[in-house]
Amino acid sequence: MEDCIFCKIINGIVPSNKIFEDDLVFAFRDIHPVAPAHILIIPKKHYPNLEAIDATDQPLLSHLLHAVNLIARQECLDKNGYRIAINCGPWGGQVVQHLHMHLLGGRKLADELG
Ligand code: 5GP
Ligand code: ZN
């Protein structure tokens, strides 16, 4: 999508610190990390958020979660653990309107969500 910053990152128009890519998924370091490891994992296809996903997209969601596994191992987060967060909509704190998962790790995370 033309105006989308994450689509521009996928296309290399905006630079990023890429750590993983396959045919469906792109992952890169968050520009404002809130943990020692803060990685954004996104589908290459533009979806505004999780609410734009439907039943036909279930294989993609599965693929995204498998990418989480691969990236967690690659970044040595698998042993101590990590957290995945998907912000959706204004009350969910979503700022960038391209579906993305935050992968957070590298320290003990706070017990509370929200
Ligand atoms: P959201 O609040 O929408 O779930 O999270 C968007 C995330 O994207 C934020 O953590 C923000 O720091 C990150 N972000 C926004 N613009 C850029 C960018 O141009 N490059 C990178 N690497 N991260 C970005
Ligand atoms: Zn996009």
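**Ligand 1 and its pocket**

Okay, so ligand 1 sits in the largest pocket. "Sits" here is when more than half of its atoms lie within 2 Å of the grid points. This is a predicted model, where local features need pLDDT of at least 70, side-chain atom pairs count only at pLDDT 80 or more, and totals for chains, interfaces and linings use all residues. Residues are numbered from 1 along each chain as written, chains are lettered from A and ligands numbered from 1 in written order, and side-chain values use heavy atoms, with hydrogens and water left out.

The pocket, then. About 300 Å³ of space lies in there. Of its 18 lining residues, Phe6, Phe28, Asp30, Ile31 and Leu40 are the closest to the centre. For the grid people: it's a 1 Å grid over protein atoms alone, a pocket is an open set for a 1.4 Å probe with protein on both sides within 12 Å along at least five of seven lines, and lining residues have an atom within 4 Å of a point. Helix H1 gives the most to that lining, with three residues.

Now, what surrounds ligand 1? There are 16 residues, and the closest are Asp30, Asn87, Val95, His100 and His102; the cut-off is a heavy atom within 4 Å. H1, residues 5-10, and strand E2, 25-29, each supply at least two of that shell. By class, the shell has eight nonpolar, six polar and two charged residues, with Gly counted as polar.

On to polar contacts, meaning N or O pairs within 3.5 Å. A ligand oxygen is 2.7 Å from a side-chain N or O atom of histidine 100. Another entry: an oxygen of ligand 1 at 2.9 Å from a polar backbone atom of valine 96. And a ligand nitrogen is 3.2 Å from a polar backbone atom of isoleucine 31. The protein covers 82% of the 520 Å² of accessible area that ligand 1 has on its own, by Shrake-Rupley with a 1.4 Å probe.

How values were computed
Polar contact = N/O pair within 3.5 Å; in protein donor to acceptor, adjacent residues only side chain to side chain. Helix = DSSP H or I, 4+ residues; strand = E, 2+ residues; numbered from the N terminus. Points joined across faces, edges and corners; volume = space filled by probe spheres on them.
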